[in-house]
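Here's a quick briefing to read with the model open in your viewer. It goes through strand pairing, a buried helix, a helix crossing and some ring contacts.

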Amino acid sequence: MGQPALDALRSARVKEAVERALQWTNQDDHFVVTLADDVYPRSLLEISDPPPVLYAHGRIDLLQQPAVAIVGSRNASVQGARNAEQFATSLGEAGLTIISGLALGIDAAAHRGGLAGRASTIAVLGTGIDVVYPARNAELAAEIAVRGLLVSEFPLGTAAIAHNFPRRNRLISGLARGCLVVEAALESGSLITARCAADQGREVFGIPGSIHSPLSKGCHALIKSGAKLVESAEDVLAELAGFRPSGFANAALNAPGDTDTGVLAVMGHDPVDVDSLCARAGLSAEQVASELLRLELDGRVTALPGGLYQRLEKAHRG
């Protein structure tokens, strides 16, 4: 270590930061974990650049549990968010801790699903652990701190800086046995996480979507390049070598049933307008509008911008 580095370590700024961290760890369930600690996650020791220090708030035991990452678009569709939450809940029930990045959209849905499962969730932050970003997820972050775990490699007080978020993505994938991308545009940051996962020797999974949706393009690109196409939580579990699910209930997403009638029977899975539904079903615009309202209230259909509608699939447990 050179003299400039030694001088920096002795600086007042570093001493203040150390004192602040020590005071922070005096609070319940607050931890500073170093490479020398037994609780440092073994999975991160396998990656090329493990962080020397981790700040953690919550259930520190989750760092030692088998986990899967679920990531995707911040601007998720209704169906995408539902898929993320359902997959997370089912994989959590199988004993896998759900890891994501606390962003809006798919990340937040994955964390909610993880909290609903028995294995809980870990949020890897791109800020200091005492900074909640985005602010809209403050309530979710508080719940994770109690029932799951918040983790950051950045010093306390680190604000939301753009280049820190791609950097933290290697930890999201590094903590996990595999990475599931639910929805992603071609320029999505979640594809960075998927690339990190592949480089780290983790499994990469993608959920296919409509060929007309920009949010499916990233997943389709991953699948073309070798990611596993998955349609159910069972598909993910089948690919995770060495993991044996415990108490797992089948959570495949429903295929459209033979009992679908009326508008739902002719709707398909791509966005569709009312005029097309009228032509397919042989019904008037008033009849179709009434049926769409009923289906929306039942959670089977969602309205999209531009006067379009799309069916939503319900989870099935058997």
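Two strands count as paired here if DSSP finds at least two bridges between them. Keep in mind that this is a predicted model. With that rule in hand, take valine 32, whose bridge partner in E2 is tyrosine 55. Tyrosine 55 turns up again further down, in an aromatic pair with tryptophan 24.

**Strands around E2**

- Strand E1 (residues 30–34) and E2 run antiparallel, with 5 bridges joining them.
- E2 also pairs with strand E6 (residues 149–152), again in the antiparallel sense, over 4 bridges.
- On the E6 side, alanine 56 stands opposite valine 151.
- As background, strands of a sheet pair through backbone hydrogen bonds, either parallel or antiparallel.

**The open three-stranded sheet**

- There's an open sheet of 3 strands in the order E10-E12-E11, with antiparallel pairing.
- Its edge strands are E10 (272–273) and E11 (301–304), each of which pairs on one side only.
- E11 and strand E12 (residues 308–311) are joined in the antiparallel sense over 4 bridges.
- One of the residue matches here is leucine 304 with leucine 308, its bridge partner in E12.

**Helix H6, tucked inside**

- Why call H6 (residues 164–174) largely enclosed by the rest of the structure? Because 9 of its 11 residues are buried.
- The buried set is Asn164, Phe165, Arg168, Asn169, Arg170, Leu171, Ile172, Ser173 and Gly174.
- What do they pack against? The partners are four strands, E2 (53–58), E3 (67–71), E4 (97–100) and E5 (121–124), plus helix H7 (190–199).

**H11 crossing H12**

- For orientation, two packed helices are described by the angle between their axes and the distance between the axes.
- For helix H11 (residues 274–281) and helix H12 (residues 285–297), the axes come within 9 Å and cross at roughly 105 degrees.
- Angles of 65 to 115 degrees count as roughly perpendicular, and H11 and H12 are therefore roughly perpendicular to each other.
- H11 brings Val274, Leu277 and Cys278 to the contact, while H12 supplies Ala285, Val288 and Leu292.
- Sorted by type, the contact residues come out as 6 nonpolar, no polar and no charged.

**Aromatic pairs**

- How many aromatic pairs are there? The count comes to 2.
- Tryptophan 24 and tyrosine 55 sit edge-to-face, at 6.2 Å centre to centre and with 70 degrees between the planes.
- This pair links distant parts of the chain, since tryptophan 24 belongs to helix H2 (residues 12–25) and tyrosine 55 to strand E2, 31 residues apart.
- Are these two rings buried or exposed? Tryptophan 24 counts as buried at 9% relative accessibility, and tyrosine 55 is buried too, with a relative accessible area of 12%.
- Tyrosine 133 and phenylalanine 165 make up a tilted pair, with 5.6 Å centre to centre and 50 degrees between the planes.
- Tyrosine 133 lies in the loop between E5 and helix H5 (138–147) and phenylalanine 165 lies in helix H6, so the pair ties together parts 32 residues apart in sequence.
- Tyrosine 133 counts as partly exposed at 44% relative accessibility, whereas phenylalanine 165 is buried, with a relative accessible area of 14%.
- Phenylalanine 165 is also one of the buried residues of H6 listed above.

Conventions: Residues are numbered from 1 along each chain as its sequence is written. This is a predicted model: local features need pLDDT of at least 70, side-chain atom pairs count only at pLDDT 80 or more; totals for chains, interfaces and linings use all residues. Side-chain values use heavy atoms; hydrogens and water are left out. Buried means under 20% relative accessible area, exposed over 50%, partly exposed in between (1.4 Å probe, protein chains only). Helices (H or I, at least four residues) and strands (E, at least two) are DSSP runs, numbered from the N terminus. Contact means heavy atoms within 4.5 Å. Axes are lines fitted to C-alpha atoms, for helices over the stretch in contact, and angles run from 0 to 180 degrees between N-to-C directions. Angles under 35 degrees count as roughly parallel, over 145 as roughly antiparallel, 65 to 115 as roughly perpendicular and the rest as oblique. Ala, Val, Leu, Ile, Met, Phe, Trp, Tyr, Cys and Pro count as nonpolar, Asp, Glu, Lys and Arg as charged, and the others, Gly among them, as polar. Rings of Phe, Tyr and Trp (its six-membered ring) pair if their centres lie within 6.5 Å; planes under 30 degrees apart count as stacked, over 60 as edge-to-face and the rest as tilted.
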